[in-house]
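Trainee: I would like us to take a close look at a single part of this protein, and then to follow it outwards into the rest of the chain.

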Amino acid sequence: MRALDREVQATIWQAIEPLIPRPASDHPLGCHRPRASDWECFKVMVVREATGCSWEDAERLCGNVVSDTTVRSRRDEWLAAGVYDAIANEAIRSYDRIVGLDLTDTAVDGSLHKAPTGGESSGKNPTDRGKLGWKWSILTDKNGIPIGWAIDGANRHDSVLFPATLDAAKMRGLLEEIETMWLDRGYDSGPIREELATAGIDDTVIAKKRKPGEAKKAGPKRQPMGLRWPVERTNSWLSNFGVLRRNNSRKTAHRLAELALAVALLLTAKLIDWRNRWSPVVAPIR
């Protein structure tokens, strides 16, 4: 997985390191126990992010350099300092500056996943025999680049997360640039259209809800997906992260942090690929 590439991790670490709060040195004798390396803690976080394994297994996979308890404590410190939101925002800004976001066509969709330990922002998944699960709603540009997201329990309808998803894009100053939005039939309702009008998005393509028995009468013909496929592909990209696909966190803040880190890893890998694609290849001197 690209998130485990050394170059991807090193690039994100350059953005994270300046944001990490420095611990206070308040011991009266100045003889604190040596603090574990932030870089080693970050590597454990990335391994767990990619594989979805337990903190203890991630510690072992990284050579037992730092304990899982230390890594969890460090995660909470970084969360309180706003590190995860900052690196996700920086990744989006960097992509927009280097490659360019295409907001002529955008799409929103939700994605359901397992949350066996329950906790905040979890609920019974109607597509998984009522087992506990969670859901994210994500807004992407024409190429599937995430620009806004929100989370809730698996029992919540996509339309409930729609306002929060738009607000996330608005906070990044990207909502006003959207020209057209594509939505599936789950968003075919009056409140959604009012929300779109309030956001200033007049050009929308929403699949119509089927009436009872209409699907049978339609036969094999189906309504074309249109430009909703980029957001479906992005949901697939994010589902490759084990910690998102089967999430064992119990707090909403932790799940949002994991989703933000996944977005940062995803966009960083794309920017590295862009650089490699357009960087001139220097022929070796003979």
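Which residue's side chain does the side chain of R48 join through a polar contact?

Mentor: The partner is E258, and the polar contact between the side chains of R48 and E258 is 3.1 Å. Please keep in mind throughout that this is a predicted model, and that every value I quote is computed from it.

Let me begin with the setting of R48 itself. R48 lies in helix α2, which runs over residues 38–51. Its relative accessible area is 7%, and because buried means under 20%, R48 counts as buried. Once its neighbours within four places in sequence are left aside, R48 is in contact with C53, W55, A58, V243, S249 and E258, so that E258 appears both in this list of contacts and as the partner in the polar contact.

The same pair brings us to an enclosed space. A search of the whole structure finds one cavity of 30 Å³ or more, and the largest cavity holds about 90 Å³ of space. Its lining consists of M45, R48, E49, W55, R75, Y84, H254, A257, E258 and L261, which places both R48 and E258 on its wall. W55, one of the residues that R48 contacts, is also part of this lining. Helices α2 and α11 each supply at least two of the lining residues, and α11, which spans residues 252–278, gives the largest share, with four residues. By type, the lining divides into five nonpolar residues, one polar residue and four charged residues.

An open pocket can be set beside this enclosed cavity. The largest pocket has a volume of about 280 Å³, and the elements that give two or more residues to its lining are α5 (83–98), β4, α6 (158–171) and α11. Helix α11 therefore has a part in both linings, since it is listed for the pocket and also supplies at least two residues to the lining of the cavity. The pocket is lined by 14 residues, and D85, W149, M171, R172 and L256 are those that lie nearest its centre. Its lining divides into ten nonpolar, two polar and two charged residues.

Helix α11 also leads us to α9, which covers residues 229–239 and in which P230, V231, T234, N235, L238 and S239 are buried. These buried residues pack against α11, and likewise against β1 (105–114), β3 (132–140), β4 (146–153) and α10 (242–245). T234 is a good example to inspect, as this residue of helix α9 has a relative accessibility of 0% and counts as buried. Apart from its neighbours within four places in sequence, T234 is in contact with I138, T140, G144 and P146.

Returning to the region around α2, two further residues deserve your attention. C62 sits in the loop between α3 (55–61) and α4, and at 19% relative accessibility it counts as buried, because the limit for that class is under 20%. Its contacts, with neighbours up to four places away left out, are K43, V44 and V47. The C-alpha atoms of C62 and E40 are 8.2 Å apart in space, although 22 residues separate the two in sequence. T70, which lies in helix α4 (residues 68–80), is partly exposed, with a relative accessible area of 25%. T70 touches A36 and C41 when residues up to four places away are not counted, and its C-alpha atom is 7.8 Å from that of A36, a residue 34 positions away along the chain.

For the wider frame, the protein chain has eleven helices and six strands, and 44% of its 286 residues count as buried. Among contacts with a separation of 6 or more, 67% are between residues 24 or more positions apart. The accessible surface of the chain comes to about 15200 Å², of which 52% belongs to carbon and sulfur atoms.

Finally, two loop residues merit a check of the backbone. S121, in the loop between β1 and β2 (123–124), has a positive phi of about 50° although it is not a glycine, and at 13% relative accessibility S121 counts as buried. R129, in the loop between β2 and β3, has a phi near 55°, again a positive value in a residue other than glycine, but R129 counts as exposed, at 72% relative accessibility.

Notes. Residues numbered from 1 in each chain as written. Predicted model: local features only at pLDDT ≥ 70, side-chain atom pairs only at ≥ 80, totals over all residues. Heavy atoms only, no water. Buried < 20%, exposed > 50% of the residue type's maximum accessible area, 1.4 Å probe, protein only. Contact = heavy atoms within 4.5 Å. Polar contact = N/O pair within 3.5 Å; in protein donor to acceptor, adjacent residues only side chain to side chain. 1 Å grid on protein atoms, 1.4 Å probe; cavity = no way out; pocket = protein on both sides within 12 Å on 5 of 7 lines; lining within 4 Å. Points joined across faces, edges and corners; volume = space filled by probe spheres on them. Nonpolar A, V, L, I, M, F, W, Y, C, P; charged D, E, K, R; others polar. Areas by Shrake-Rupley, 256 points an atom, 1.4 Å probe, with all protein chains shown as cover.
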